[in-house]
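Hi,

Here is the structure I promised to pass on. Have a look at it first, and my notes follow below.

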Amino acid sequence: MIFLGIDLGTSSVKVLAVDKDGTILGESSREYPVYYPKSNWAEQNPEDWWMGTKEAIKEVIQKNNLPEGEIRGIGFSGQMHGLVALDEENKVLLPAILWCDQRTAEECEDITNHFGQEKLTELVGNKALTGFTAPKILWVKKNHPELFEKIRHILLPKDYIRFKLTGDYATDVSDASGMLLLDVKNRCWSKEMIEYIGIKEEYLPKLYESYEVTGKLSEEVKGELGLTGEVLVVGGGGDNAAGAIGTGTVKEGTVMVTLGTSGVVFAAHDDYAVDSQNRLHAFCHANGKYHSMGVMLSAASCLKWWVEEANKGMDFDELLKEASETEPGAKGVIFLPYLMGERTPYADPDARGTFLGLSMSTTRGEMTRAVLEGVSFGLRDSLEILKDIGVPISQIIAIGGGSKSPLWKQILADIFGYPINEINTNQGGALGAAILAGVGAGEFSSIEEACNIFIKIVGSVTPIEKNVEKYNKIYTRYKEAYQSLKDWFKLSAE
Ligand SMILES: Nc1ncnc2c1ncn2[C@@H]1O[C@H](COP(=O)(O)OP(=O)(O)O)[C@@H](O)[C@H]1O
Ligand SMILES: O=C(CO)[C@@H](O)[C@H](O)COP(=O)(O)O
């Protein structure tokens with residue numbers, strides 16, 4: 001039996017094929033663009049996701065000679081929060097507004113003023129943040145009333161792919177948690193929020209747990225992909241919850257750090273846990289429990305920008321090698337990683353990326369190191385909140401494209417002051433998605449059992465004591481830098 005995990009990321013879609021013994025049979029991916037039509041806006045074309053997904057599925061099957069009749073289940077890991085709005089003929093009404101899009105500051109204020117934070121927490125467990133889906137719906141209502149009137153289905157990015165594969169309108173509770181429409185604690189839609197936003201509950205997808213079967217691949221799609229037999233499709237998860245399954249982050253005490261386009265510090269909880277100051281997101285986990293997390297809007301994407309935009313013509317390896325030849329602390333250069341504004345810990349759409357402390361002797365290697373350090377300090381901000389609210393931390397696992405860099409993992413260990421464990425796979429969300437499919441198809445008795453089969457700790461990056469001390473001092477200056485600049489960011493945005 002083979003299971004496919006589809007990880008619909010921001011920069012690409014990855015499709016991973018695994019068998020029931022935990023062997024990875026192959027993977028394929030397709031990239032697609034993000035459009036930034038205005039400062040602070042970020043959009044994608046859902047058709048690009050669908051084309052990329054179909055191509056990657058076909059490729060993974062053909063390249064690895066997978067027996068088509070053996071593919072039994074498909075799971076998802078999806079970039080969260082994005083708004084996909086369909087009309088009654090299932091046509092996409094406007095480009096998908098992404099998780100990192102910051103256009104909804106006013107709508108967030110409206111929501112918070114209407115309910116007050118205490119009531120909002122009671123209803124949906126979270127603060128109204130610009131990335132979340134409900135404020136995006138309000139933005140469409142205010143700015144494109146003619147399109148709002150035509151909305152009949154509201155889907156999250158991975159659920160649009162599910163719809164194309166199966167014809168079902170469904171989602172899972174981990175991804176739905178980021179819509180600001182879910183009563184997270186009770187794992188059901190919040191009628192009060194739905195009423196306030198001005199939509200009908202029937203426009204929202206049906207809710208499932210991540211490991212539950214939501215439907216089957218349609219005959220038409222099976223024909224197109226060359227598959228035979230019954231292919232079950234499970235709920236899947238938001239990319240962080242699915243990534244947590246794919247790293248075995250399912251028990252209290254395990255913390256996962258993601259260096260993807262976004263940067264995430266994720267802690268698994270047995271029970272519903274909400275920070276009294278709402279500094280972290282309180283979401284449903286993909287294992288039927290809960291999790292909390294802090295999210296940076298630009299993490300490895302800062303490095304991508306630095307490599308592909310600021311240093312066009314260079315590649316990751318060249319620039320990372322230069323950085324590895326420099327000293328921790330980048331000779332006083334500090335990088336603030338707010339290229340798309342920030343979510344955790346500042347919820348500030350106006351914040352901007354900044355290099356501080358440059359001099360005539362600053363080298364490019366130091367600036368690259370400063371980018372890696374700045375992102376790691378940003379992740380430490382979330383780790384500090386976890387510590388502050390008393391979340392136990394017994395092990396930390398890093399995933400995402402940025403964790404391919406040994407230098408970045410060392411910097412992370414030094415800045416966190418904790419060892420960063422390495423696991424036998426860097427597949428994260430895609431593996432989590434495939435595991436969820438295997439559980440849904442009845443191949444594994446539980447998510448824990450599947451995690452034990454698939455995921456092994458194979459190493460650990462240990463913090464270097466003298467670097468930890470140095471970074472502790474720089475961390476204070478890093479935090480002061482934002483405080484000194486936040487008014488300037490605001491004025492510059494007006
Ligand atoms: N060799 C590398 N070393 C470090 N980071 C890398 C390397 N190659 C790519 N990356 C980073 O990986 C990121 C993409 O990670 P990924 O986890 O695939 O993101 P997403 O799921 O958000 O699309 C890019 O933003 C890029 O900066
Ligand atoms: O906004 C969040 C989570 O709240 C992001 O994690 C997005 O879900 C997209 O992440 P990438 O995996 O594309 O970096």
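**What surrounds the ligands**

The shell around ligand 1 divides by class into 11 polar, four nonpolar and two charged residues. Before you go further, keep in mind that this is a predicted model.

In total, 17 residues surround ligand 1. Gly9, Ser11, Gly260, Thr261 and Gly401 are the closest of them. Two elements give two or more residues to this shell: helix 11 (300–310) and helix 12 (316–324). Which of the helices gives the most to the shell around ligand 1? That is helix 11, with four residues.

Ligand 2 has 16 residues around it. Here the closest are Thr10, Met80, Gly260, Thr261 and Ser262. By class, the ligand 2 shell has 11 polar, four nonpolar and one charged residues.

**Two helices that cross**

I also looked at helix 10 (residues 239–246) and helix 15 (residues 428–440), whose axes come within 6 Å. How do these two helices lie relative to each other? Their axes cross at roughly 80°, and angles of 65 to 115 degrees count as roughly perpendicular, so helix 10 and helix 15 are roughly perpendicular to each other.

As for the residues that meet there, helix 10 brings Asp239, Ala242, Gly243, Ala244, Ile245 and Gly246. From helix 15 come Gly428, Gly429, Ala430, Leu431, Gly432, Ala433, Ile435 and Leu436. Sorted by class, the contact of helix 10 with helix 15 has eight nonpolar, five polar and one charged residues.

Cheers

Note on methods. Residues numbered from 1 in each chain as written. Chains lettered and ligands numbered in written order. Predicted model: local features only at pLDDT ≥ 70, side-chain atom pairs only at ≥ 80, totals over all residues. Near = placed C-beta within 6 Å. Nonpolar A, V, L, I, M, F, W, Y, C, P; charged D, E, K, R; others polar. Axes fitted to C-alpha atoms, helices over the stretch in contact; angles between N-to-C directions. Parallel < 35°, antiparallel > 145°, perpendicular 65-115°, else oblique. Contact = placed C-beta atoms within 7 Å.
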